[in-house]
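Student: I have a protein to study today. Can we go through it together?

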Amino acid sequence: MSTLSTAWPQRLAEAAAERRGQGLWRERRTRGTDLVDFAGNDYLGLANDPRLAEAQAEGARRFGSGAAASHLVSGHLEVHDVLERRLAELVGRPRALLFSTGYMANLGTLQALCDDATHVFQDRLNHASLLDGAKLSGARSRRFHHRDHDDLERLLARTPAKAAKLVVSDGVFSMDGDVANVGALADLSARHDAWLMIDDAHGLGVLGAHGDGCVGRAHDVERVPILVGTLGKALGTGGAFVAGSEALTEHLIQFARPYVFTTAQPPGVAAATLASLDILASEPERRERLRDAIGYFRHEAALLGLPLADSFTPIQPLMLADTERVMHWAADLHEAGLAVGAIRPPTVPRGEARLRITLCAKHDRAALDRLLENLSRLQREEAP
């Protein structure tokens, strides 16, 4: 009679003890409705919009609560088709392809395009899904210094001219809030016969003349052949898409394993996203309110001497350096009814722990002042 192995429980216990000893143990919190949310990515305040909820309910009533199969079996419904066309139109691309999550979109795209003969060049601060996608593909992957185009040029110049090359960058960097210089990356990529892939998860809906992000219609498909966007941030729903040429889209349909082997997005979510796109187009004042909130918060934080990173996006990192300090401030703010993200290694480098404050179009002056007052109080309490 076999007995349960003791090796695996021991390994799990050792890993947990090590993580706890480093002060890096992660715990989930169930967010209550009594908290003001400065931690999420609902930049336009759409996630709780009743119009999206009604559209999702109607979509479920019409098409079912689930798609029941993958897109390639029987799960690709009319509502998915309409949504893909609308997303392609928003970002000025011939086609868009839906994925269930942004992580799956990045994994699937890199796995489908790259192999061990491909040279991939990534910004050091790229999202984990991009780094994991390149690793999964087996590509020859190099990371250039953050937003350092000279370093990228050096790496590209060392690569055989005829090799398949792909430059990959976040659009808006999720932990720092700064923005890639897409034009410079596109110029470099073209000069070295490389394709450029931008993950604009945190720019879509927020940046651009139409909320089309930091790439969108400003950089056409020739300049940025691969564009990834997510629906669960500024658009307030869930899922993601990859936009590009007809050839790219058809290639992903054939070879992107997370697309081929995953049940399609629930149709109600697709219907809610269509409603979100309508609101994005018809209510530009949401982006204006968000810009006003960012400007006000940064101005007041500067007067208080709070150590904010340089960012004009809704992501406003408060650089506290020390992990224990970050955890104390986040817990104190939670007690004060304010949800703020505590970001520590390994998500960011050691010595760069921070509070990741995210602003939203729904944050009025009262909410911003409440956060600023509590941050100022915590700073004063530490003063010698």
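Below, a student asks and a tutor answers.

Tutor: This is a predicted model, where local features need pLDDT of at least 70, side-chain atom pairs count only at pLDDT 80 or more, and totals for chains, interfaces and linings use all residues. Residues are numbered from 1 along each chain as its sequence is written, and side-chain values use heavy atoms, without hydrogens and water.

Student: What radius of gyration does the protein have?

Tutor: The radius is taken over C-alpha atoms, and the globule rule is 2.2 Å times the number of residues to the power 0.38. For 384 residues, a compact globule would come near 21 Å. The protein agrees with that, at 22 Å.

Student: Is Asp-151 buried or exposed?

Tutor: Buried means under 20% relative accessible area, exposed over 50%, and partly exposed in between (1.4 Å probe, protein chains only). Asp-151 has a relative accessible area of 7%, so Asp-151 is buried.  Its salt-bridge partner Arg-154 has 35%, so Arg-154 counts as partly exposed.

Student: How far apart, N to O, are the side chains of Asp-151 and Arg-154 in their salt bridge?

Tutor: A salt bridge is a side-chain nitrogen of Lys or Arg within 4 Å of a carboxyl oxygen of Asp or Glu. Asp-151 and Arg-154 are 3 residues apart in helix 7 (residues 149-157), so about one helical turn separates them. Helices are DSSP runs of H or I, at least four residues, numbered from the N terminus. The N to O distance is 2.4 Å.

Student: Which residue forms a salt bridge with Glu-352?

Tutor: Glu-352 counts as partly exposed, at 34% relative accessibility. Its partner is buried, with a relative accessible area of 1%. The two side chains meet at 3.5 Å, N to O, and the partner is Arg-354.

How values were computed:
Helix = DSSP H or I, 4+ residues; strand = E, 2+ residues; numbered from the N terminus.
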